[in-house]
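Me: Please take a close look at the salt bridges in this model for me. I'd like to hear which parts of the chain they hold together, and once that's done, go on to whatever else is worth a look.

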Amino acid sequence: MLEVLAVGLGVAAVFVGTMPAVAGRFDGVLTGVALVLAGLFLAEYVVRLRLASRALPAPGDAGPGGPSPVARIVRGLRWAASPFGLIDLLAAFPVPIALAAGMSTGDARLFGALWIFKLVRYTPAVGLLGRVLRNERRALVGVLVAFAIILVLAATLAHLVERGDQPDAFGSIPAALWWAVTTLTTTGYGDRVPVTMPGRMLGGVVMICGIGTFALWAGILATGFAQEIRRQSFLETWDLVARVPLFHALGPGTIADMTRLLRRLDLGAEQIVIREGRPGDCMYFVVEGEVAVHTPSGPILLEAGSFFGELALITGEPRTATVRTVRPTILLELDVVDFRALAASRPELLRIVEDEAARRRSQRPAANRDPARVSPA
Ligand code: CMP
């Protein structure tokens, strides 16, 4: 958190340092701030390098005396060459080196803009973006090639039809490329516009192609993000589902099916999950923790591996009891629509749930006794 504040302060100092009125009056202060921050980042770089040389695994470093000096150097170099190592390097060195090399204070401070890369460490979504770009690289490169083809054709055609009327703007293909880029990206600065009828028609076609290309690009990225997030949550949910003995007993096929359908819920202690008398549209599996079912004859405790909330889904009637967490609990939630689909595809699971539901409905626990503890169904 402190580092994020330091980065914010540093980048703000770089920004205001480019305003002549501020830079003229506070040049010394701004350079001092830049040097202090660069010093802090340098200290951080050294500490991280030392930690990395001890922590990262490297071949040949298992020995009775711990990692050998060579293994430590290898580990340190590996970290230094990693993306985070390079970001920390860029944050620590350029400003002091530029000042030492005799660059003007104003120009040397501009290297402080590189500090913004430090935020990558605190933003897991950047890693996600990297994975999406890697996964979708073929489709993205395909769109990029289509973009390049349209660009070259547009610039060539614009040069052909406009060069007579506007030799300055369209007299060569490189000159026409500027118009093609601003039109294809639908930026439209308007500094160069076609004036002939064929040129304007070409402009319209290029704009439409531009919108299409960017829509394609956005669609690929959006789908990539959605798939990656789904993949990650699948892996996390898989681990939880595999911990429920009921699914475990029914085999990996059931675990895979359930993983796609279940949603994780993290609840604190004493939170109401189900209220008696309300309509029910989902059931729950206890993965970790404990819940209490408040029946007229006293609370019944359900531990990890149990399920509840199935009665309303089977009978279509309102909830028969209030259920609340006893301590911090992880639940998996199954929607009624998915419950029905699952009941059709996995009858063995439906049978277990129905048997337990029948047992619960027929159960008449004696009043005022200690909470009954129910082990996994
Ligand atoms: P439902 O009626 O949908 O919502 C309340 C839930 O509490 C109910 O489904 C059951 O899953 C659970 N429940 C009700 N009675 C008992 C019981 N006697 N033992 C264990 N669980 C129960």
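The reply below starts with the salt bridges and then moves on to the ligand, a surface patch and a few backbone details.

Reply: Sure. One thing up front: this is a predicted model. In total, the structure holds 21 salt bridges. I'll walk through three of them, with the burial of each partner.

Let's begin with E44, which pairs with R121; their closest N and O atoms are 3.6 Å apart. E44 sits in helix α2 (residues 20-55), while R121 is in the loop between α6 (105-110) and α7 (124-135), so this bridge ties together parts that are 77 residues apart in sequence. How buried or exposed are the two partners, E44 and R121? E44 has a relative accessible area of 16%, so E44 counts as buried. The cut-off for buried is under 20%, and R121 comes out as partly exposed because its value is 21%.

Helix α2 also supplies R48, whose salt bridge partner D88 belongs to helix α4 (residues 83-92). Here the closest N and O atoms are 3.7 Å apart. The two residues are 40 residues apart in sequence, so again the pair ties together separate parts of the chain. As for accessibility, D88 is buried, at 0%, whereas R48 is partly exposed, with a relative accessible area of 28%.

Next up is E333 with R263, where the closest N and O atoms are 2.7 Å apart. This one links distant parts of the chain, with E333 on strand β8 (residues 329-335) and R263 on strand β1, 70 residues apart. E333 has a relative accessible area of 14%, so E333 is buried, while R263, at 48%, is partly exposed. Stepping back to the wider picture, salt bridges with shared partners join E3, E44, R48, D88, K118 and R121 into one network. That means the E44 and R48 pairs described above belong to one network, because E44, R121, R48 and D88 are all listed in it.

On to the ligand. Which residues are closest to the ligand? Its surroundings comprise 14 residues, and the closest are G309, E310, R319, T320 and Q363. Helix α14 (residues 310-315) gives the largest share of that shell, namely three residues. If you're after specific polar contacts, there are three to look at. The backbone of G309 places a polar atom 2.7 Å from an oxygen atom of the ligand. T320 does this through its side chain, with a polar atom 2.7 Å from a ligand oxygen. R360 also uses its side chain, where an N or O atom is 3.1 Å from an oxygen atom of the ligand. How much of the ligand's area does the protein bury? Taken alone, the ligand exposes 450 Å², and the protein buries 97% of that.

Now for the outside of the protein. V141, V145, I149, L153, L157, L160 and V161 make a nonpolar surface patch of about 580 Å². One of these residues, V145, is in helix α8 (residues 137-162). V145 has a relative accessible area of 44%, so V145 is partly exposed.

T183 is a buried counterexample to look at next, with 7% relative accessibility. T183 lies in helix α10 (residues 173-184). What does T183 touch, leaving aside its neighbours within four places in sequence? The contacts are G203, V206 and M207. I208 is also a useful distance check: T183 and I208 are 25 residues apart in sequence, and their C-alpha atoms are 9.4 Å apart in space.

Finally, two backbone angles you may want to check. T186 has a phi near 55 degrees, a positive value in a residue other than glycine. T186 is in the loop between α10 and α11 (197-242), and with a relative accessible area of 44% T186 is partly exposed. E270, also not a glycine, has a positive phi of about 60 degrees. You'll find E270 in the loop between β1 (263-267) and β2 (272-274).

Note on methods:
Residues are numbered from 1 along each chain as its sequence is written. This is a predicted model: local features need pLDDT of at least 70, side-chain atom pairs count only at pLDDT 80 or more; totals for chains, interfaces and linings use all residues. Side-chain values use heavy atoms; hydrogens and water are left out. Patches are made of residues with over 30% relative accessible area and no salt bridge: like charges are joined within 9 Å, nonpolar side chains (Val, Leu, Ile, Met, Phe, Trp, Tyr) within 5 Å. Accessible areas come from the Shrake-Rupley method with a 1.4 Å probe; for residues, only the protein chains shown count as cover. A salt bridge is a side-chain nitrogen of Lys or Arg within 4 Å of a carboxyl oxygen of Asp or Glu. Helices (H or I, at least four residues) and strands (E, at least two) are DSSP runs, numbered from the N terminus. Buried means under 20% relative accessible area, exposed over 50%, partly exposed in between (1.4 Å probe, protein chains only). Contact means heavy atoms within 4.5 Å. A residue is near a molecule or strand if one of its heavy atoms lies within 4 Å of it. A polar contact is a pair of N or O atoms within 3.5 Å; within protein, one must be able to donate a hydrogen and the other to accept it, and residues adjacent in sequence count only if both atoms are side-chain atoms.
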